[in-house]
Amino acid sequence: MSVENAPVVDVDEAAIPVEKKMYYRFESNDKKEFRVSELAIQQSETLNRLVEAMGYTSEDVENKPAIAIENIDGKTLKLVFQWCEHHKGEAIPVDDGSVPKIVEIPEFDAKLMDIDNGLLFKLIWAADYLNIVQLLNVSCKKVANMAQGKTPAQLRRVYLLPSDEEDEAAKRAAQEAQDPRAREVEEEFEERKRQGGNSFF
Amino acid sequence: MAETSPAHLITLPDVALKNILDQCDFLAITNLRKVCRDLRNFIEDTKPEPYHKDLNIILYDDYIRVQTYTGENPWLYPDGDWVWTQYTKEPIGCSVSFVTGDKVIQKGFPNEDYISMFCGDFLVNFGHRKSVLPDFYLNLTCQNPEIQSKFLESFQKILESRIHPMKVSTFQMVVEKAEPVLKILKFMDKNSIEEINLMSLHRATRELDLTELKNLKQWNAAKKLRLEHFQTSENLEEFYGFKSALVDYKELKAQDIVRLRNEFLQNPRPHRFQLMYETISNEPLLIDTFGQPFLRTDPIGNKKNWIFSIPDTDQIVSINLYSKFVIFYRIKGSDVKEKTDPDYFEQVWV
């Protein structure tokens with residue numbers, strides 16, 4: 001099933017479904033509204049508990065304001081709900097701490113996550129916040145796969161990370177702005193660390 | 001949850017970052033350690049355990065080679081999952097080489113000793129590992145007793161310093177004698193050990209003194225034992241605790257073969273025993289006790305074959321006497337028809 005055909009019903013973009021099922025309304029922080037089936041919501045432990053606690057009837061869902069998810073934007077939330085609808089009814093995996101952690105990325109998920117890294121990180125962030133175990137697993141797997149065969153410099157570019165030097169410069173600038181003595185302390189600390197030996201890895 | 005969206009990897013919640021690292025391979029973790037301080041600190045705090053299938057450590061006179069399989073693909077990294085690192089003694093200090101399929105990355109450490117360098121990296125990568133390493137292989141090819149004892153002492157210290165003993169499933173060592181095995185094996189977790197393989201360094205059969213080894217908890221917890229190119233003078237009964245064993249005798253007594261047959265008939269534990277021998281004493285006892293064998297030829301050679309039903313089960317024990325070894329194997333009821341066919345033979349270990 002393609003991303004476009006996923007049974008997500010965004011009030012802004014699609015019609016209300018004919019099926020007589022319980023659909024909850026959610027609103028992103030940029031005021032995008034989504035209708036999500038009860039079964040799809042079960043993929044998110046956070047949302048599932050929330051709707052259970054609210055105990056809405058079908059009428060409440062229509063008459064009361066949409067449930068606000070204040071720290072996730074519409075673009076990210078749309079991906080989240082598309083994923084939940086596609087995987088609704090599936091068992092939620094239990095992390096038994098086994099090594100290696102075996103996670104397969106299904107074709108639908110791969111297409112859904114064909115997005116820029118910034119949005120991918122937001123998706124991971126949302127999956128963690130909403131406690132959607134399998135979405136977190138597959139999105140983290142995608143990020144882990146990106147690390148394969150890359151040098152530290154390439155990894156910095158891929159993961160948008162600063163090098164130690166850049167990081168230090170930024171921290172120093174911030175510290176100096178607050179306390180000029182901080183730089184001396186930092187340098188002394190670094191010197192001590194340097195004397196502590198080195199390692200290939 | 002933070003109020004701003006994540007700008008980069010390190011700003012992800014800890015649970016997510018841990019999940020990512022748990023799914024990274026060994027080299028990705030190694031490289032991620034070098035990316036930035038925050039990530040390195042996170043890796044040191046959470047100690048992710050990338051998958052390793054094999055860990056092979058080979059000690060030579062002037063260098064230590066470490067080969068790991070991080071997956072199933074036998075090609076050298078980056079085409080495959082085979083990772084090769086070498087710690088070499090240099091006139092001043094040491095060098096560390098990382099060998100990939102198409103290049104060698106080498107770095108010099110003027111004031112470091114190659115054994116210490118290896119131990120430092122081992123501590124970082126395996127020192128805190130809690131999960132079971134499927135295959136641990138330590139080859140003491142080095143002939144210099146001073147270097148060997150320095151290596152063993154340093155390596156032992158790491159194993160000893162662990163809060164939890166190291167977990168390995170198959171424990172393999174290539175050695176000249178039992179002493180180094182004792183030093184290392186006693187620090188392994190007895191609950192994870194399935195198999196112990198000891199191989200003679202020279203591939204020329206010699207005696208291995210098992211007096212102390214057989215008292216180790218790890219030895220007694222293992223289910224399989226292979227002593228390759230090592231002869232023993234221990235009574236065969238000493239190996240009855242194993243499910244499978246490969247043992248080599250200078251002179252094998254026919255009486256031992258009869259006793260082992262009885263053990264297979266009476267005890268459900270023995271599954272497969274292979275006894276190597278140079279000579280076999282009192283061989284006619286076998287025909288006197290077992291009756292006339294089937295005379296068969298298979299790709300291994302000519303053999304005398306006896307088959308006995310195991311009482312109160314649907315299983316049988318098949319005894320296959322070749323010119324230099326005898327193999328016992330237990331056959332499950334469902335396999336009896338296939339495995340007692342005259343053309344059938346089991347793959348041998350050596």
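Buried means under 20% relative accessible area and exposed means over 50%, with partly exposed in between (1.4 Å probe, protein chains only). By that yardstick Lys217(B), at 55% relative accessibility, counts as exposed. This is a predicted model, where local features need pLDDT of at least 70 and side-chain atom pairs count only at pLDDT 80 or more, while totals for chains, interfaces and linings use all residues. Residues are numbered from 1 along each chain as its sequence is written, chains are lettered from A and ligands numbered from 1 in the order in which they are written, and side-chain values use heavy atoms, with hydrogens and water left out.

**Chain B overall**

- Chain B has 10 helices and 16 strands; helices (H or I, at least four residues) and strands (E, at least two) are DSSP runs, numbered from the N terminus.
- Its C-alpha trace spans about 80 × 50 × 40 Å along the principal axes.
- Of the 350 residues in chain B, 55% count as buried.
- Take the contacts in chain B (heavy atoms within 4.5 Å) with a separation of 6 or more: 56% of them come from residues 24 or more positions apart.

**Helices H1(B) and H3(B)**

- The axes of H1(B) (residues 14-22) and H3(B) (residues 37-46) come within 11 Å and cross at roughly 80°. Axes here are lines fitted to C-alpha atoms, for helices over the stretch in contact, and angles run from 0 to 180 degrees between N-to-C directions.
- That crossing makes H1(B) roughly perpendicular to H3(B), a label for angles of 65 to 115 degrees (under 35 is roughly parallel, over 145 roughly antiparallel, the rest oblique).
- H1(B) brings Asp14(B), Leu17(B), Lys18(B) and Leu21(B) to the contact, and H3(B) brings Leu39(B), Phe42(B), Ile43(B) and Thr46(B).
- Those residues split into 5 nonpolar, 1 polar and 2 charged. Ala, Val, Leu, Ile, Met, Phe, Trp, Tyr, Cys and Pro count as nonpolar, Asp, Glu, Lys and Arg as charged, and the others, Gly among them, as polar.
- Within H3(B), Arg37(B), Leu39(B), Phe42(B) and Ile43(B) are buried.
- Just after H3(B) comes Lys47(B), with a positive phi near 45°.

**Nonpolar cores**

- A nonpolar core is a set of buried Ala, Val, Leu, Ile, Met, Phe, Trp, Tyr and Cys residues joined through side-chain atoms within 4.5 Å.
- The largest has 79 residues, and Phe136(B), Phe151(B), Phe171(B), Leu198(B), Trp219(B) and Phe239(B) touch the most other members.
- Helix H4(B) (residues 114-126) gives this core its largest share, 7 residues.
- Apart from it there's another core, of 62 residues, including Ala127(A), Leu155(A), Ala16(B) and Ala28(B).
- Skipping neighbours within four places in sequence, Phe136(B) has contacts that include Leu55(B), Ile57(B), Phe155(B), Met166(B) and Phe171(B).

**Individual residues**

- Gln86(B) sits in strand E3(B) (residues 82-89) and is buried, at 15% relative accessible area.
- The side chains of Gln86(B) and Arg65(B) share a polar contact of 3.1 Å. That term means a pair of N or O atoms within 3.5 Å; within protein, one must be able to donate a hydrogen and the other to accept it, and residues adjacent in sequence count only if both atoms are side-chain atoms.
- Ser244(B), in strand E11(B) (residues 244-253), is buried too, with 3% relative accessible area.
- Lys217(B) belongs to helix H7(B) (residues 217-221), and its C-alpha is 20 Å from that of Val175(B), 42 residues apart along the chain.
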